[in-house]
Each structure stands twice: as structure tokens, then as C-alpha cells.
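Here is a walk through one protein model, written for someone who likes to check contacts and angles on screen. Have the viewer open and follow along.

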Amino acid sequence: MHELRRVLVVGYPAAELLDIACVVTALQVANFLNRRGVYEVSLASPGGRPIDTGTGLTLQAQRSLERATGPLDTLVVSGGIGYVDAMEDKRLVAHVRRLGLESRRVASVCTGAGVLAAAGLLDGRRASTHWEHADFLARRFPAVDFDSGPIFVSDGRFCTSAGVTAALDLTLSFIEADVGPDLARSVSRQLVTYLQRPGNQAQMSMFTAPSARHSLVQDAVAHIAGNPAADLSTAALAARAGVSQRHLARLFLAELGMAPGRFVRRARRGGGAPADRHDADRRDDRGPLRVRQRGGAASGVPRPVRRLPVPLPRHAEHHAVSREDPPRRVRAIEHLEHQVDV
């Protein structure tokens, strides 16, 4: 008989609704798409009481934390604005410690890492948490190496994620490890989310910055974010948008303060995606990924041209870029697109 993987999600007063929902929904969608059950998911709370989440909505717990027993496949502790009270609740922490010792995999979402740390389960380990709370938790639990950078961290059987919706990325990684990448991708498509961001992607990535106002740039940015390994050369992006490379460069400069090539390279570095063979902005006619030499002369050791920052004009926020831009400005943009970003 097929045995389901038992997953227990722990909530408490003022837990974050999304921390819980991202985990439970992704696992239940995996059950549905797999045609046969994979996970048996339940929500526990202290005393089995309803959970008044930090958003104001109330969730009905399915079991009492005190009566929950192992062995468990996965224990997940949610975060939320009530996490400080939770990690100071000795009874709650004791039961999390007990269940953690009886679980194959122990995880936390967002500030739920504070509860695991209070239980002593993260001592000597690296852990992720919400970037805004990392310093506080690092001071509170010096035996834990809190990292505010990555979306999630796996250290042995302990897995911790960054804030809120990073729970979805963490859960997709569980599905991939438990069943396979095909099911994980199917779940992400069903949930209309990224096809799984890597754990080492920065929480404070460039995509959390204020977005462009021009719809063409917005669409290009979304395409770049969702397809970091695709052909994202300026020529390919312009063709996709149905505009000239020159016009696309003008729009990127006005809206984002940088040329498309530089934006793509920053996106790939911030998202943990490796440089790609399609990176045409670093390719010349002599072959792929050749770096232009200083002065145009080839030598045994590549010496990339230093690229100075091009400041965004003060009036750029209110200036709608037009086809009547001065020729010198256009030449500067064209030159910018052919330099190597170092």
C-alpha cells in the first residue's frame, strides 16, 4: 500500500496566513497532479485552537500541537508577526523540539526560524529568514548563522526560507526532492508562479525595486525575470517587443537608468543564473563570449574595457523618450550597448 508522507505545519497566534497557505496549497496541488497522494498535510496549533493570523483571518487547526506525534516526514514552522511570543512560549518550543527530533526534515518559513532556533534545532547551522528580522535573530541566537540573503537554505535535514512567499520556493524544492522535477514544474505552472527560483537567489533582488511605468519595459522585465537562461540579448528583447534595439535602449535608460544588456547581467547575477551562451552582449564576430580588447588589439590576456556609469538625466522621470532625441544621445546609447559590463 502506498504510504503518504506526513507533513505537519505549525501555526500560532498572529502567524502569517501566506506562510501557511503557500506550503499547504503547493503540497495539495502536488497530490492532485500526481494522481495519487504524496503528502498527508495537517495544521497544528497550541491546544488545537483556531489560529488568528496576522492578517486578521482565522484558520481552524486540525490537531493539537501537544498531541501530535511522530514520526513525521516534514515539520514546518510558520512565521508571522507573532513569532517573538511563539519563540518565548516554552511549551510550544518544547513540542517543536520534540517533533523536530522525530522528523526526517525540519523546516521553517520566514521568522519561524526563530522558533526553531529557540528549540536549539539550528545551533551550529546556517539559516535563512526574513531579511528585516535577520539581525535581530542573529543577536538573539548567536549559535545560529542567520543569512539575510538567500531565498532558502538547506543545511542537512534542516531547511529554512526567507519571508512569506519564499515558502513557495522552499516547498517546490521539497516536491522536486521527494518526487521529481517534472511534478515540481507542473505545480509551479498550476500556481502560475516562477518555475522555481534557486535557493541562492537574493531576497532583495532588483525585481523588488520600483517597477517601470512603460508597459513595454514592464513586459521585458517580467520576461527576463522568468527566463534568465533564455536568449536575452538586446536584439532578441527588441524583436520580442516589436521595436528597434535603439528604441528599447532609450526606454530602458529612461525607465530603469540602465541599458538592457546591463539589466540582464544584473538580473542573472542577482538571480543566481549562470552566464548563458546566448549572452550576445559579451560576444563579438570572432566567436562566443570573447571579450573586446582595450584599443581593439588582441593579446594573450583579455583586458576588458572599463565601463563608466552613465547617470540618468534629472528630467528622465518626466521625459517621454521620443524619436527626436539628439543624435549625440542616440550615439551614446549605441556605444553603451557595445561595451562590456565589468
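## Around strand β7

In β7, S108 is the residue that serves as the bridge partner of V77. Before going further, keep in mind that this is a predicted model.

S108 belongs to strand β7, which covers residues 103–108. Is S108 buried or exposed? Its relative accessibility is 0%, so S108 counts as buried. Leaving out residues up to four places away in sequence, S108 touches V77, A113, L116, C159, T160, S161 and L170. One of these, T160, is 52 residues away in sequence, yet the C-alpha atoms of S108 and T160 are 4.8 Å apart. There's also a polar detail to look at: the side chain of S108 reaches the backbone nitrogen of A113 at 3.4 Å.

The strand as a whole tells a similar story. Five of the six residues of β7 are buried, so the strand is largely enclosed by the rest of the structure.

## The sheet and what packs on it

Strands of a sheet pair through backbone hydrogen bonds, either parallel or antiparallel. On one side, β7 runs parallel to β6 (residues 72–77), and five bridges join the two. β7 is also parallel to β11 (residues 158–161), with three bridges between them. Here are three residue pairings to click through.

| Residue in β7 | Opposite residue |
|---|---|
| S103 | L72 |
| A107 | C159 in β11 |
| S108 | V77 |

Zooming out, what is the strand order of the sheet? It goes β5-β2-β1-β6-β7-β11-β10, an open sheet of seven strands with mixed pairing. The edges are β5 (63–64) and β10 (152–155), each of which pairs on one side only. Helix α3 (residues 90–101) packs on this sheet and touches β1, β6 and β7, with its direction at about 150 degrees to that of β6. Helix α6 (residues 166–178) lies across β1, β2 (39–45), β6, β7, β10 and β11, and runs at about 160 degrees to β7.

For a look at β1 (residues 5–10), pick V7, which sits in that strand. V7 is buried, with a relative accessible area of 4%. Not counting residues up to four places away in sequence, V7 touches L27, Y39, E40, V41, S42, T74 and V76. V7 and S103 are 96 residues apart in sequence, and their C-alpha atoms are 9.2 Å apart.

## Aromatic pairs and helix α10

How many aromatic pairs does a search of the whole structure find? It finds two. Y83 and F136 make an edge-to-face pair, 6.4 Å centre to centre with 80 degrees between the planes. Y83 lies in helix α2 (residues 83–87) and F136 in helix α5 (residues 134–140), so the pair ties together parts that are 53 residues apart in sequence. Y83 is buried at 4% relative accessible area, whereas F136 is partly exposed at 30%.

F252 and F263 are also edge-to-face, at 5.8 Å centre to centre and 75 degrees between the planes. This pair links F252 in helix α10 with F263 in helix α11 (residues 260–270), 11 residues apart. Both F252 and F263 are buried.

As for helix α10 itself (residues 245–256), its 12 residues reach 16 Å from first C-alpha to last, close to the 16 Å expected at 1.5 Å a residue. Its buried residues include H247, L248, R250 and F252. After α10 comes G257, with a positive phi near 80 degrees.

Key:
Residues numbered from 1 in each chain as written. Predicted model: local features only at pLDDT ≥ 70, side-chain atom pairs only at ≥ 80, totals over all residues. Heavy atoms only, no water. Helix = DSSP H or I, 4+ residues; strand = E, 2+ residues; numbered from the N terminus. Buried < 20%, exposed > 50% of the residue type's maximum accessible area, 1.4 Å probe, protein only. Contact = heavy atoms within 4.5 Å. Polar contact = N/O pair within 3.5 Å; in protein donor to acceptor, adjacent residues only side chain to side chain. Pairing = 2+ DSSP bridges. Axes fitted to C-alpha atoms, helices over the stretch in contact; angles between N-to-C directions. Expected span 1.5 Å × (residues − 1). Phe/Tyr/Trp six-rings, centres within 6.5 Å; stacked < 30°, edge-to-face > 60°.
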